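Here is a short report on a two-chain model. Please keep the sequence and the 3D view open while reading.

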Amino acid sequence: MIMAPEIAISGTAFLILLNDVFTKNKMTNYILAILGLAIAFTFACGFSSTQASMFGGRFIIDSAAMGFKFIFITTAFAAIVFANYQSTKTQFKYLGEFYTLLLFSLTGMMFLVSSTDLITLVISLELSTLPLFLLSAWQKHKMESMEAAVKYVLLGAFSSAILLFGVALLYGLTGSMELQTISAELPRMPLYFSLAMIFAGIGFKITTFPFHQWSPDVYENAPTSITSFLSIASKAAGVAFFIKIFFDMMGSFHQDFQTLYLIAAVVTMSFGNLVAIGQKNIKRFMAYSSIAHAGFIFMGLLINSPESKSAIIYFFIAYLVSNLTIFGVISFVETETGKTQIKDYAGLSQKRPLYALAMLIALFSLAGIPPLSGFLGKFYLMNIAAKAGFYWLVGVAAINSTISLYYYLQIIRQMYVVDGEENFSGKTPLLFNLVVIALTLGTVLLGIFPIKF
Amino acid sequence: MGILSWIVLVPFITAIAVILLPNKSEHLIKWVSLIGSGIVVILTTIMTCQFWTLYSADLEAIKSTTSTKLYLVERFTWLKDFNIDYYVGVDGISVAMIILTAIIIFCGVLASWNVTNRAKEFFALLLILVAGVFGVFVSFDLFVFFVFYEIAVLPMYLLIAVWGTGKKEYSAMKLTIMLMAGSALLLIGLFAVYFESGLQTFDLIKLGSVDYDSALQVWVFPVFFLGFGVLGALFPFHTWSPDGHASAPTAVSMLHAGVLMKLGGYGAIRVAVYLMPEGAKDWAIFFMVLTTINVIYGALAAIKQKDLKYFTAYSSVSHCGFVLFAVCCLNLLAFKGAVLQMFGHGVMTGLFFALIGMVYGRTKTRTLSEMGGIAKVMPWLATCFYIAGLASLGLPGMTGFVAESHIFLGGFFTNPWIDPTVMRTLTVIATMSIVVTAVYVLRGLGQVFLGQMDVAKYGKLTDATLSEKLATGILVFTIISVGVFPNYLITMIEGPLMPIINKLGH
């Protein structure tokens with residue numbers, strides 16, 4: 001029953017919705033969500049190296065798809081733990097609906113990586129995006145939050161429309177929704193035109209330049225758990241969609257778009273890095289860091305091979321553990337002090353040394369310092385670029401990593417070098433601590449013992 | 001697990017042990033660190049004896065091969081899809097460098113006996129740094145080499161920014177970013193040799209057996225040399241060094257100037273020249289000019305300095321310039337000089353910075369003109385300072401002379417690939433730096449230790465404590481013993497240098 005994880009997740013979502021109506025104790029929603037995700041993860045483990053299909057080939061799983069699914073489930077799990085922690089100390093209403101929407105979004109992403117035709121792909125993409133529009137607007141009392149959400153909805157709708165137009169063109173030109181059938185018709189110029197539109201539409205999700213404009217505002221003003229979910233799962237879903245169309249469907253004609261990927265890689269990386277230098281708000285800072293990492297991913301897309309897919313999935317796993325650790329510490333500081341400026345982290349190393357250490361390790365991992373997993377992720381991607389013969393791109397990526405070290409060090413400086421007045425003395429729930437510890441250990445260990453899909 | 005992995009692991013385990021100790025027990029923290037460094041020294045001694053037994057048996061055979069013979073090798077598969085193995089071993093050069101590092105870390109911990117502010121994190125970071133340095137000196141798989149190289153650089157930021165003095169945050173950031181930019185360059189070179197060798201491996205010995213295309217060597221050699229040169233304070237990428245050394249706390253300066261900067265020279269010989277001999281021949285003149293500027297400029301700048309730490313930092317720039325200058329000379333004599341200078345200067349500068357830390361801790365000032373005549377109250381420290389100073393200007397009987405004589409003779413004997421006139425002119429210019437060194441050493445030390453003493457300010461100062469005497473004593477002993485009896489060291493490094501020379505000769 002290869003659809004077991006998806007059934008578990010959507011089932012849990014509905015269960016939480018019902019439970020929320022009938023019970024008074026809101027903790028039960030949290031427990032249901034955690035258990036549901038744990039069960040889904042266990043089911044997924046059972047399929048991690050199978051290759052199978054259902055419904056006459058419309059729902060497939062292979063190792064790449066399972067890799068993405070693990071990434072999605074883990075991110076959702078962490079996001080729910082962070083959300084629950086934040087709700088214990090701050091205003092966070094309607095938690096039941098919050099979990100439900102998050103799980104629906106997750107379901108959409110899970111179906112996306114298993115789709116084989118355009119309709120399922122598009123519907124899954126929409127299913128994964130629409131709840132996120134609502135979730136990012138959860139903090140109704142903040143004006144900036146509403147503004148960011150409106151920007152997200154408008155730009156998201158616009159990009160979806162362009163994407164759909166591209167998909168419609170593909171169908172119109174080839175008469176089929178099946179990816180296999182369409183790939184047999186390549187290379188035809190009008191098809192490339194529709195593929196370009198799809199690139200623009202999906203660039204929104206992956207936050208490539210110049211389709212990244214929504215992300216700084218939304219990342220800054222959404223609840224931290226949603227920001228973490230967006231920065232990892234949403235991006236990974238976009239990349240999975242991208243891989244389905246531009247890798248699997250285009251096959252060997254993938255090379256025709258290589259210049260586009262090169263430009264996307266260089267511009268996105270450099271833009272994200274350079275603008276991140278001046279940031280004062282840590283969540284906005286993470287948005288730009290996230291944009292820079294999206295640029296790195298394009299390095300891995302230069303060659304169409306199972307090795308590239310493997311490299312991209314490992315990069316996301318490394319990115320997942322590092323990013324979630326950072327967001328965990330961010331949600332801790334935000335819940336304790338209500339502040340999200342970088343200067344509010346001053347003195348963290350003296351008051352909560354373990355959290356500061358976790359943040360330090362995760363930041364170094366994102367900067368690409370060996371032997372952490374972030375370095376290995378970037379190394380795998382650089383390997384693909386070097387294999388394609390683009391040594392200069394490896395150079396650009398390496399220089400960008402060095403530049404990124406500068407701004408990551410600024411945060412480390414605040415935590416370790418500068419003295420602060422904040423006390424950071426609150427208690428944190430056990431599961432939250434365990435998740436942060438597990439993620440930190442993952443950042444270190446995955447760099448030495450990588451998991452490959 | 002062989003002894004080499006233990007040498008890398010012990011500092012790391014000690015660092016973890018220190019982290020687990022409670023914050024307040026500074027005494028315990030220092031003793032644990034000292035015992036850890038002591039164990040490293042003992043392991044190094046055992047390793048050197050094992051190495052020497054194996055090596056002296058092989059001596060004649062090594063001299064006529066082109067592939068480096070490694071001893072005490074350990075090899076485990078790590079990342080199979082890239083053929084990356086955890087591949088460690090030693091040859092003579094590595095052993096010399098490991099001995100240097102072991103001595104410096106032991107004396108460094110002794111010299112840091114007064115650190116009280118956040119002592120736990122200080123010693124932990126110091127030990128992690130040293131583990132990285134040991135790792136670089138034993139790795140023969142370029143990926144593992146790179147990993148340890150980064151581990152060796154990274155703790156510097158926190159060590160300088162938290163425990164440093166003066167412009168510490170600026171210096172820390174400048175140092176970290178410049179050194180990381182250097183390693184970014186290295187990464188490009190690494191990928192280039194990985195793919196272009198046709199072997200898809202990072203194994204240094206296997207990579208060395210390939211004859212690379214000239215067109216490739218022309219751009220990969222400078223990439224490698226610059227990448228390592230940034231760490232070796234190659235002009236004009238040396239600018240991180242004066243600020244970095246001056247702002248860093250004592251043990252960090254000792255480790256950094258004494259050992260880390262030698263990673264640059266070590267990498268230049270081990271990777272850049274070994275893998276890319278044709279590229280080395282093409283670029284030798286260019287880099288030789290730069291390193292000559294290094295030597296002279298460093299010395300001239302040192303004369304102008306008013307601050308004792310900046311004075312030593314520029315002196316380090318000048319002396320590390322010698323190492324890279326010798327690497328560019330591309331003959332056996334000069335290479336031997338390079339490794340001898342790496343070892344000798346490492347100990348000398350370690351001694352210098354340790355002493356500066358001790359003097360600064362007492363006089364609370366680093367300005368040369370404010371001190372004077374303090375030899376009256378600190379005879380031990382003054383004597384050690386003079387020994388270090390005379391060693392650095394190349395007085396016979398100490399390591400400085402052995403190294404510099406090799407380098408200058410090597411420069412003069414020239415090589416078959418560079419225009420001899422140019423090479424000899426540059427060598428003569430570099431040799432003149434000895435005079436400049438004499439000026440700044442004697443003048444600087446004279447200003448501090450001789451002459452009139454301000455009794456009110458400095459009359460009450462004490463001489464070295466027991467731990468300080470031990471630290472400086474060990475370093476002085478090393479300087480003089482290697483200076484008087486360098487033969488073991490020279491024999492140890494001559495063997496592994498032959499394959500590199502033979503490769504150049506092809």
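## Backbone outliers and the folds around them

Ala233(B) has 31 C-beta neighbours inside 10 Å, so this residue counts as buried. The cut-off for that class is 20 or more. Ala233(B) sits in the loop between α9 (214–231) and α10 (240–247) of chain B. Its phi is near 60°, a positive value in a residue other than glycine. All of this is read from a predicted model.

Leu330(B) can be described in the same terms. Its phi is positive too, near 55°, and Leu330(B) is not a glycine. The loop here runs between α13 (308–329) and α14 (332–363) of chain B. Leu330(B) counts as buried because 25 C-beta neighbours lie inside 10 Å.

**Confidence**

The model scores ipTM 0.89 and pTM 0.91. Chain B averages a pLDDT of 88. In that chain, 99% of the residues score at least 70.

**The hairpin of chain B**

Strand β1 (residues 71–79) and strand β2 (residues 84–90) of chain B run antiparallel. They are joined by 6 bridges. Leu79(B) stands opposite Ile84(B), a residue of β2(B). The hairpin has 4 residues between the strands. Asn83(B), in this hairpin, takes a positive phi near 55°. How enclosed is β2(B)? Of its 7 residues, 6 are buried, so the strand is largely enclosed by the rest of the structure.

**Two helices, one in each chain**

Helix α4 of chain A covers residues 95–113. Helix α4 of chain B covers residues 119–138. The table sets out their lengths, spans and burial.

| Helix | Residues in helix | End-to-end C-alpha distance | Expected span | Buried residues |
|---|---|---|---|---|
| α4(A) | 19 residues | 28 Å | 27 Å | 18 of 19 residues |
| α4(B) | 20 residues | 29 Å | 28 Å | 20 of 20 residues |

For α4(A), the reach from first C-alpha to last is close to the value expected at 1.5 Å a residue. For α4(B), the distance between the end C-alpha atoms agrees with the expected span. Both helices are described as mostly covered.

**Chain A as a whole**

Chain A has 18 helices and 2 strands. Its radius of gyration is 21 Å, close to the 22 Å that the globule rule gives for 453 residues, so chain A is as compact as a globular protein of that length. Along the principal axes, its C-alpha atoms fill a box of roughly 65 × 55 × 40 Å. Of the 453 residues, 60% count as buried. Which separations account for 79% of the contacts in chain A with a separation of 6 or more? Residues 24 or more positions apart do.

One pair of residues shows two distant parts of the sequence brought together in space. Thr90(A) and Gly338(A) are 248 residues apart along the chain, yet their C-alpha atoms are separated by 8.7 Å. Thr90(A) lies in the loop between α3 (63–89) and α4 of chain A. With 14 C-beta neighbours inside 10 Å, Thr90(A) counts as partly exposed.

**Cis peptide bonds in chain A**

A cis peptide bond joins Phe209(A) and Pro210(A), with omega about 0°. Pro210(A) is placed in the loop between α8 (189–206) and α9 (214–221) of chain A. Another cis bond joins Pro370(A) and Pro371(A), and its omega is about -5°. Pro371(A) lies in the loop between α15 (353–367) and α16 (373–387) of chain A.

**Where the chains meet**

The contact takes 21 residues from chain B and 21 residues from chain A. On the side of chain B that touches chain A, the elements giving two or more residues are α5 (142–153), α6 (155–163) and α7 (168–196) of chain B. Which of them gives the largest share? It is α7(B), with 12 residues. By class, this side of chain B has 18 nonpolar, 1 polar and 2 charged residues.

Terms used: Residues numbered from 1 in each chain as written. Chains lettered and ligands numbered in written order. Predicted model: local features only at pLDDT ≥ 70, side-chain atom pairs only at ≥ 80, totals over all residues. Expected span 1.5 Å × (residues − 1). Buried ≥ 20, exposed ≤ 12 C-beta atoms within 10 Å, placed from the backbone. Pairing = 2+ DSSP bridges. Contact = placed C-beta atoms within 7 Å. Nonpolar A, V, L, I, M, F, W, Y, C, P; charged D, E, K, R; others polar. Rg over C-alpha atoms; globule rule 2.2 N^0.38 Å. pLDDT = per-residue confidence, 0-100.
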